[in-house]
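Here is a short note for someone opening this entry for the first time. Please keep the viewer at hand while reading.

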Amino acid sequence: VTSVVGFEHIGQISVPKFFSGTEDVEEAARTLDDGSFYRSELADGKMVNENAWYPFQAVGLFGSTATNGMVKMMDSLGFYTGANEYLYQGATPVTNLLLDVRYIYYHPEDVLNTDFVYKDTFGDFDVYENPVQGMSIGYMINDSIQEWFYESAYPFRVQNEFCAYGYGIYDIFSVLDIPDPAVNGCTASRTNDGEYYFEYGESFDDNMVFTIPVEEDMEELYIFYDGTQVENAEIAVDGTIVTQGDIDSYMLPIGKVEKGSTLMVRFKLKGETPDGYVRLSAADFQTPLFESLVKAMTAQTFEIEEMTDRHIAGRVTAGENQKLLFSIPYDAGWEILVDGEPAESEKIGNAFLAVSLMPGEHQVSLIFTPPGFVPGAWLSVGCLGIYILVCALSPFIRKKRLEWESRKNSEIPTDEELENL
């Protein structure tokens, strides 16, 4: 009964539908592989961790190996995150550069505004390529990145400060002033820049409506809102809906918007709690400043010479007061060698692996050994030794047992002997 009712109300899935493009992606990965390291992603996954099914290095991760520090960092940067996951949704040109994302794979039904350009088609997948050249898994960055306030609730600020402290490039996202919302069925009062405290009364499609005048041409407008009590959001430009749904807590690329247009953001509240908070921010991406960032970051990249599952080696040229930042999650298992000598590993943003370098050219090697691997290996060797010892001694032990049983049996009097007593 439960099965019948479940199928009736929930429906069924077609398993082949979710994996039908596997051979296409495998062909694409083989064709696009040039021997260098880079990351690829899906414009939108049909299922969580779909990127893990395909033979490419990806950004998103859903699993117990997603560290708390990395999840918080990706959340701060404006990606979609959960308790032990971070997905590619929310990427910007800045994060694509930082994370070395070269290709995006589009399913036929996928829609994602991006600056990537069409590369090729493989079966059901269209592949788009990042126009930025010279990206890497590691970049030199100014020591002042240690002052980066990466825990802000506003991703535009987080990315702006990364560019400012790391490379001296300011306001790559030009943040818009947002007027207070019109409300219906609730109250809303500003508590911070872009944050509103609301008291819920009744759910309407227009519980909160933000009307934002566009005062200059914008090449790439982004929206970000954070509100767990928002049931549905609708974003429109001059009355035309650009996107809608439960789309909170990650960067939303809106695209080109002309001067004189009106941007409208409409929220419907769930009403699960009597009150709560909503944050909303919008910013125009400054392409000329991004080009300066690209030039600064790609001028000092880590050039990989050798790479395996647990070993990366390459060279880099450092300037004054700089660190080598890797887009690799920090883990205590990483050992770093600089010019053959051990160096102290560091964290940037409590998430990314880094190492300080003196000015000049250096050979840098990363070696990963999982924490507990050595004690575990010794324990395994010890257990194996005990097992071998037991196996070696078992014939001797068996012989002694048989002798003891034989001697014991010989000492027990027979029935005839007992009668003659």
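The points below go from the whole chain to one sheet and then to individual salt bridges.

1. **Status of the model.** This is a predicted model. Please read every value below as computed from it.

2. **Overall build.** The protein chain holds 9 helices and 27 strands. The C-alpha trace spans about 125 × 70 × 45 Å along its principal axes. The radius of gyration is 30 Å, whereas a compact globule of 421 residues would have one near 22 Å.

3. **Surface and interior.** Of the 421 residues in the protein chain, 43% are buried. The accessible surface comes to about 22,500 Å². Carbon and sulfur atoms account for 51% of that surface.

4. **Contacts along the chain.** Take the contacts between residues at least 6 apart in sequence. Of these, 68% join residues at least 24 apart.

5. **One open sheet.** Which strands make up this sheet, and in what order? There are 4, in the order E8-E22-E26-E25, and the pairing is antiparallel. Strand E8 (138-142) and strand E25 (346-348) stand at the edges. Each has a single partner strand, so one side of each is left without a neighbour in the sheet. On average, neighbouring strands of this sheet are turned by 40° against each other, direction ignored.

6. **The E8 edge.** E8 is joined to strand E22 (residues 322-329) by 5 bridges, and the two run antiparallel. To find the pairing in the viewer, start at Asn142: its bridge partner in E22 is Gln322. Helix H6 (residues 155-167) packs on the sheet and touches E8 and E22. The direction of H6 makes about 75° with that of E8.

7. **Salt bridges in general.** How many salt bridges does the structure hold? The count is 12. Asp143, Lys323 and Glu346 are linked in a network of them. Three separate pairs follow.

8. **Lys119 and Glu129.** These side chains meet in a salt bridge, at 3.7 Å from N to O. Lys119 lies in strand E6 (residues 117-122) and Glu129 in strand E7, so the pair ties together parts that are 10 residues apart in sequence. Is Glu129 buried or exposed? Glu129 counts as buried, because its relative accessibility is 18% and the cut-off for buried is under 20%. Lys119, at 39%, counts as partly exposed.

9. **Around Glu129.** Strand E7, where Glu129 sits, covers residues 125-129. Leave aside the neighbours within four places in sequence. Glu129 is then in contact with Arg102, Tyr103, Phe116, Val117 and Lys119. Lys119 is thus on this list as well as being the salt-bridge partner.

10. **Asp193 and Arg157.** These two form a salt bridge, with the closest N and O atoms 3.2 Å apart. The pair links distant parts of the chain, 36 residues apart. Asp193 is in the loop between strand E11 (186-192) and strand E12 (195-200), while Arg157 is in helix H6. Helix H6 is also the one that packs on the sheet of point 5. Both residues are partly exposed: Asp193 has a relative accessible area of 49%, and Arg157 stands at 34%.

11. **Arg279 and Asp226.** Here the closest N and O atoms of the salt bridge are 3.0 Å apart. Arg279 lies in strand E19 (residues 275-285) and Asp226 in strand E14 (residues 218-226), so parts 53 residues apart in sequence are tied together. Arg279 is partly exposed, with a relative accessible area of 22%.

Technical notes. Residues numbered from 1 in each chain as written. Predicted model: local features only at pLDDT ≥ 70, side-chain atom pairs only at ≥ 80, totals over all residues. Heavy atoms only, no water. Pairing = 2+ DSSP bridges. Axes fitted to C-alpha atoms, helices over the stretch in contact; angles between N-to-C directions. Contact = heavy atoms within 4.5 Å. Rg over C-alpha atoms; globule rule 2.2 N^0.38 Å. Buried < 20%, exposed > 50% of the residue type's maximum accessible area, 1.4 Å probe, protein only. Areas by Shrake-Rupley, 256 points an atom, 1.4 Å probe, with all protein chains shown as cover. Salt bridge = Lys/Arg side-chain N within 4 Å of Asp/Glu carboxyl O.
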